Amino acid sequence: MTILRFVCILFIVFNLFQCKDPVERSTLNVIKIQINSEPDILNPAISRKTVSSQIESQMYLPLAEIDDHTGEWIPILLNQWKVTHNDDGVRYELILNKDAYWSDGKAIDKADLIYTLVMGLNPYAENKAWAAYISLIHHVEDLDGGLAVILKEPYILSDEFIGSLSIYPSHRLDEEGLANIEILNHLLETKELTSVEDQKLESLSSSFNSYGQIGENNYVVNGPYIPLQWMTNQKIVLERREDFWGDDVLPKIYTENKAQRLEFIIIPNEENALNAFIQDEVDVLTDLREKDTSLISDYGGQTMSVPNLQVLYIALNNQNSLLENVGIRRALNYAVNRSDLISKLFNSNTLPVYGPIHPSKYYADTTAVPHNVERAKQMLSDLGCVDRDGDGIVECEIGNKWQPLVFNIWTTRSTLSKNVATLLKSYWLEIGVELNIESADFKSFLPELQQKSFDMAALALRQNNIKDDPYPLWHSSQAIVAGKNYQGLKDDILDSILEDLRTNLNFEEQMALYHKFQKRFSEITPVIFLVAPVDIIGVKNRIDVYRIAQRPGYDIGRSGVKTE
């Protein structure tokens with residue numbers, strides 16, 4: 001036995017991803033993609049980072065996918081996508097693709113779909129955000145080869161949330177078959193669960209919450225790529241499955257360009273990322289500064305603008321004794337210098353944002369909130385807030401007690417997040433507001449967001465190239481611990497608009513409701529929106545990039561290496 005073979009065997013035994021003989025890159029169809037941070041987890045239901053989603057999309061396929069050109073739904077993991085509207089509501093008949101298999105050879109079946117829906121409603125699952133969508137289902141019915149999913153009321157995004165479901169391997173995560181259609185319907189009907197059912201759900205959550213973590217080797221995927229290696233702070237390697245079922249049955253658009261290996265190289269520093277591109281160590285540079293774009297063509301590449309559909313914003317705790325005052329929130333908003341923020345931290349294509357709808361969308365109300373320090377100061381003065389002790393920090397009287405306008409803001413550990421907070425600190429100091437910056441991993445300060453025990457947090461809102469349903473983010477019912485209304489916003493007028501919008505399928509009425517929603521949002525300013533970045537990427541000329549309308553603007557799995 002050669003030393004190399006012996007080392008590989010040891011690597012298999014003691015590590016979580018398989019080891020292979022080294023292969024020269026020239027003999028492989030490999031694409032190397034620079035990413036600026038490590039994924040938090042590779043589990044589509046739990047992950048919160050864009051970089052995780054980019055990798056997960058190569059590992060897991062949705063039930064169906066909308067065609068960017070025709071707007072029609074293309075069945076992927078389904079054999080049949082049938083939607084019926086009647087007096088009883090909306091009925092989806094989901095018959096699974098009999099040719100679809102998991103990477104361990106097990107056929108994908110309705111037990112996987114049932115398990116996925118159960119975990120979406122499982123109160124012990126770590127990320128409960130998708131429960132807001134799945135709970136719209138009234139009940140499910142057993143069908144030969146699949147399920148019927150019934151909604152009692154129309155929903156503006158029902159096609160999208162059902163079609164985009166990433167399903168999980170129940171045979172791996174629920175070997176005892178604890179998730180069944182009875183428990184699912186009990187959860188959907190919000191019936192009180194028996195103690196046995198509750199114990200089953202708690203038991204199921206353990207394996208589900210850890211599925212996809214670094215250090216776990218329990219990946220079973222239904223997509224074309226499976227993780228080969230995850231080296232902390234270095235790279236994640238995906239390898240194309242030789243037995244991928246979709247090569248024979250999916251349209252060519254999903255299979256014709258096949259990179260054998262995808263390597264996601266973690267390089268947080270922009271200068272180092274550029275050097276890696278110059279040295280041919282990466283093929284796709286995702287962290288490209290505008291000032292460096294002219295260099296790309298000198299090193300065998302080209303630049304592309306790609307949609308980001310992210311909005312950066314500051315979550316304000318509306319239950320904080322100071323920040324519950326709309327006047328203080330509006331004063332902070334007027335003191336933000338978005339033009340300065342863009343010029344110092346973003347490329348020139350970045351858009352200022354003033355409301356909850358991405359400015360690129362046709363129904364966005366882009367009425368600007370001008371940077372006006374004097375107006376912000378006057379607004380605080382009108383509230384009776386003054387600098388009583390001459391230290392430069394304004395105090396406001398709250399409940400017969402003077403409180404200084406001093407706030408803590410959470411940021412992630414990314415350089416951009418911390419730099420945004422640093423600039424906000426300087427803007428707000430001009431109006432007598434002090435900001436203390438604390439940085440941590442998102443998971444570390446998530447409990448404070450959920451419990452509403454924070455002051456402020458620098459967050460990113462990830463949107464898609466579809467109509468918005470703002471309900472899960474801003475409705476008062478979602479201000480609970482499990483919801484995504486982190487700022488604890490509660491407004492009866494806004495609630496009414498959001499409730500009407502999500503069940504309205506009339507285009508003109510939808511547009512009117514979107515306008516009312518944005519107008520009310522501007523009046524109460526529950527959070528402070530900042531900017532919508534537009535990404536510029538560098539791509540080696542050898543890569544044939546497949547462009548898509550969705551974030552991140554390209555599908556690296558459908559891209560390929562050009563032949564000479």
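Two strands count as paired if DSSP finds at least two bridges between them. The exercises below apply this criterion to a predicted model.

**Exercise 1.** Determine the strand order of the sheet formed by 7 strands, and identify its edge strands.

*Solution.*
1. The open sheet follows the order β8-β9-β10-β1-β11-β21-β12, with mixed pairing.
2. Its edges are β8 (225-231) and β12 (301-306), each of which pairs on one side only.
3. Helix α2 (residues 50-59) packs on this sheet, where it touches β1, β8, β9 (235-240) and β10 (261-266). The direction of α2 makes about 20 degrees with that of β9.
4. Between β1 (residues 30-35) and β11 (residues 284-285), which run parallel, there are 2 bridges. Within this pair, I33 stands opposite V284.

**Exercise 2.** Describe the sheet of 4 strands and the helices associated with β6 and β7.

*Solution.*
1. The order is β4-β5-β7-β6, in an open sheet with antiparallel pairing.
2. β4 (78-86) and β6 are the edge strands.
3. From one strand to the next, the twist averages 15 degrees.
4. Helix α3 (residues 110-121) packs on the sheet and touches β5, β6 and β7 (146-151).
5. Helix α7 (residues 181-188) lies across β6 and β7, at about 160 degrees to β6.

**Exercise 3.** Locate H139 and classify it as buried or exposed.

*Solution.*
1. H139 belongs to strand β6 (residues 139-143).
2. The relative accessible area of H139 is 19%, so the residue is buried, the cut-off being under 20%.
3. Beyond its neighbours within four places in sequence, H139 contacts A148, V149, I150, N185, L188 and E189.
4. The H139 side chain also makes a polar contact with the side chain of E141 (3.2 Å).

How values were computed
Residues are numbered from 1 along each chain as its sequence is written. This is a predicted model: local features need pLDDT of at least 70, side-chain atom pairs count only at pLDDT 80 or more; totals for chains, interfaces and linings use all residues. Side-chain values use heavy atoms; hydrogens and water are left out. Buried means under 20% relative accessible area, exposed over 50%, partly exposed in between (1.4 Å probe, protein chains only). A polar contact is a pair of N or O atoms within 3.5 Å; within protein, one must be able to donate a hydrogen and the other to accept it, and residues adjacent in sequence count only if both atoms are side-chain atoms. Contact means heavy atoms within 4.5 Å. Axes are lines fitted to C-alpha atoms, for helices over the stretch in contact, and angles run from 0 to 180 degrees between N-to-C directions.
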